[in-house]
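Colleague: I should be grateful for a close look at one part of this model, namely its enclosed empty space. Please describe what surrounds that space, and then place it in the wider setting of the fold.

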Amino acid sequence: VTLYFHAQPGQPPACGAGALDLTTGTTRTYTGQATGRPDLWTADDVVQFISVFPPKEIWIGWYQPNTNSSATPEAMPSESHFRRLLGQPTTPLHLMSMDHHGAFSSELARSEYLQRCYGIKSLLPPFTYLGLRSPHEEMALLQLLHFVEEHHPSMLHSFHRNEPWIPHQRLICGNHALTQLQLAGPCLKETVMGLFDKCITSMGKRAIQERLMSPYSDAATIRMRLEEVTDYRTWSPTKASALERQLRFMFDLPRLHRKILCGTILPVEIAGLFQTYTAMNAVRTLTSDTHLKAPLSEETWDAYHAICHAQWDQEKAQTSSADVAPLNGETYPMISTTEQQIQDTWAAIHAMRKEIATAANLSEDAIRIEEREKEPFGFKGSTITLQQLKKNQNKLPEGITFSQLKSGGWIDGPLIQRWNTTLQKQRDTLANLYRIHAVEACLAISEAGRDHWTAMEQWICHVDGTQCIGRVSHERGFSWPGVEDMT
């Protein structure tokens with residue numbers, strides 16, 4: 001989290017805040033104004049921002065511009081003051097006092113930097129496209145990205161579109177009200193957060209925290225959420241159990257989507273993504289006639305799913321290895337050709353094993369194919385098997401030798417080494433092709449899904465959060481509270 005304070009003569013500072021989750025590539029920003037006197041002020045909305053998006057580190061910038069007026073801005077407060085103000089006694093703080101913004105003083109430099117970090121393809125100015133509402137909010141975001149660039153430069157790309165935090169329809173919990181109301185606290189089990197612990201997915205657990213830490217203040221929104229919970233509680237036990245089962249099959253979707261954007265998703269994660277999408281499709285069916293209906297139409301979902309399957313092969317992703325790449329062979333024929341060559345090589349290796357076993361009057365299974373330390377494969381046999389092979393040495397292919405171990409040993413020879421070399425070259429070719437085409441596949445899927453991913457993620461988070469509230473309410477006998485419109 002970065003907090004940018006702009007000191008102002010004769011009044012408390014204006015502020016901007018930014019939060020970043022590197023694993024999902026999402027940023028949130030906020031702009032606000034401290035209240036109080038120039039020398040004694042509070043920033044309750046910023047405290048709540050930090051409570052909603054708990055930081056691992058906090059960067060605080062205090063901008064004190066040079067001024068010719070008689071009233072000079074207040075100097076930067078001490079670290080202990082910020083810790084008391086923010087309620088962060090142990091979180092690492094990085095404090096910086098500044099009287100200029102360096103390269104970010106230029107509007108062109110700021111725009112180009114944001115354009116590069118977010119990969120913006122819109123004609124709108126980055127300030128408008130990202131939903132920034134003030135220069136303080138923009139500077140907080142810029143400093144956040146700059147901090148990441150200094151410490152994790154390889155992660156500074158392919159971010160999701162910035163989400164401005166808009167608490168106008170939320171209850172601003174100032175003066176540590178979150179702790180006083182026991183919404184949060186040092187002991188999780190003694191808080192409201194600890195009470196609502198029935199979320200199943202990782203993304204749902206994060207979302208329920210944000211939902212509880214930012215209570216709604218709009219009566220219509222509260223009623224709508226209560227109607228969703230009430231509707232969920234009318235579900236049959238079989239239907240509710242089916243929903244919970246599907247949610248348990250889901251991986252952390254925002255993190256997987258972030259890896260697609262960065263082109264760093266692994267084959268095992270591709271299998272997890274397909275498993276999550278399959279479970280989401282089942283949830284779509286379960287919720288089709290409820291208040292929790294999916295936001296995407298059937299046609300949009302099918303079109304996006306078709307693109308995913310055109311790029312990746314679900315079955316190959318589940319069995320991916322050095323001999324199989326998870327890319328679709330029809331879309332990437334070079335991948336399919338190389339995989340076939342590897343299969344042909346393995347067929348030749350098995351044929352050679354059979355030839356050696358037959359020549360020595362052994363069962364084919366007596367000679368095992370195992371991976372060696374520096375080679376793709378090797379033939380290994382027990383002590384009795386090696387003795388039988390040595391007796392029939394003259395019937396074996398030319399150049400066969402034996403490496404004795406404590407129990408059994410390896411069977412070596414020029415032909416075995418030749419197939420090892422062939423197999424290793426083919427595997428290297430496949431790995432190089434995968435590195436090239438995986439980026440193309442990730443780009444195609446991210447282009448197809450970028451407009452839908454946020455809706456998909458938020459929907460699953462909402463479904464998980466609603467079933468969590470519904471289950472806890474049922475177990476503890478909670479009832480619908482009265483909600484009145486304020487005039």
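Modeller: The lining of the largest cavity consists of Met280, Arg284, Ala294, Pro295, Leu296, Trp301, Met456 and Trp459. The model is a predicted one, and every value given here is computed from it. By character, the lining residues divide into seven nonpolar and one charged, with no polar residue. Helix 12 and helix 17 each contribute at least two residues to this lining. The space enclosed in the largest cavity comes to about 40 Å³. A search of the whole structure for cavities of 30 Å³ or more returns one. In general terms, empty space of this kind is revealed by rolling a probe the size of a water molecule over the atoms.

The two helices named above also bear on another element, helix 11. Helix 12 (267–286) and helix 17 (414–476) are among the elements that cover the buried residues of helix 11, together with helix 8 (202–213) and helix 13 (298–311). Helix 11 spans residues 253–262, and because eight of its 10 residues are buried, it is largely enclosed by the rest of the structure. Its buried residues are Leu253, Pro254, Leu256, His257, Arg258, Ile260, Leu261 and Cys262. After helix 11 comes Gly263, which has a positive phi, near 70 degrees.

A further helix offers a view of a residue that is not buried. Thr337 lies in helix 15, which covers residues 333–359. With a relative accessible area of 41%, Thr337 is partly exposed. From Thr337 to Met352 the separation is 15 residues in sequence and 23 Å in space, taken from C-alpha to C-alpha.

The fold also contains a sheet. It is open and is formed by six strands in the order 7-6-1-2-3-8, with mixed pairing. Strand 7 (93–98) and strand 8 (163–164) are the edge strands, each pairing on one side only. Helix 1 (residues 44–52) packs on this sheet, where it touches strand 1 (2–8), strand 2, strand 3 and strand 6 (58–63). The direction of helix 1 makes about 165 degrees with that of strand 3. Strand 2 (residues 11–21) and strand 3 (residues 26–33) run antiparallel and are joined by eight bridges. Within this pair, Ala17 stands opposite Tyr30 of strand 3.

Methods
Residues numbered from 1 in each chain as written. Predicted model: local features only at pLDDT ≥ 70, side-chain atom pairs only at ≥ 80, totals over all residues. Heavy atoms only, no water. Pairing = 2+ DSSP bridges. Helix = DSSP H or I, 4+ residues; strand = E, 2+ residues; numbered from the N terminus. Contact = heavy atoms within 4.5 Å. Axes fitted to C-alpha atoms, helices over the stretch in contact; angles between N-to-C directions. Buried < 20%, exposed > 50% of the residue type's maximum accessible area, 1.4 Å probe, protein only. 1 Å grid on protein atoms, 1.4 Å probe; cavity = no way out; pocket = protein on both sides within 12 Å on 5 of 7 lines; lining within 4 Å. Points joined across faces, edges and corners; volume = space filled by probe spheres on them. Nonpolar A, V, L, I, M, F, W, Y, C, P; charged D, E, K, R; others polar.
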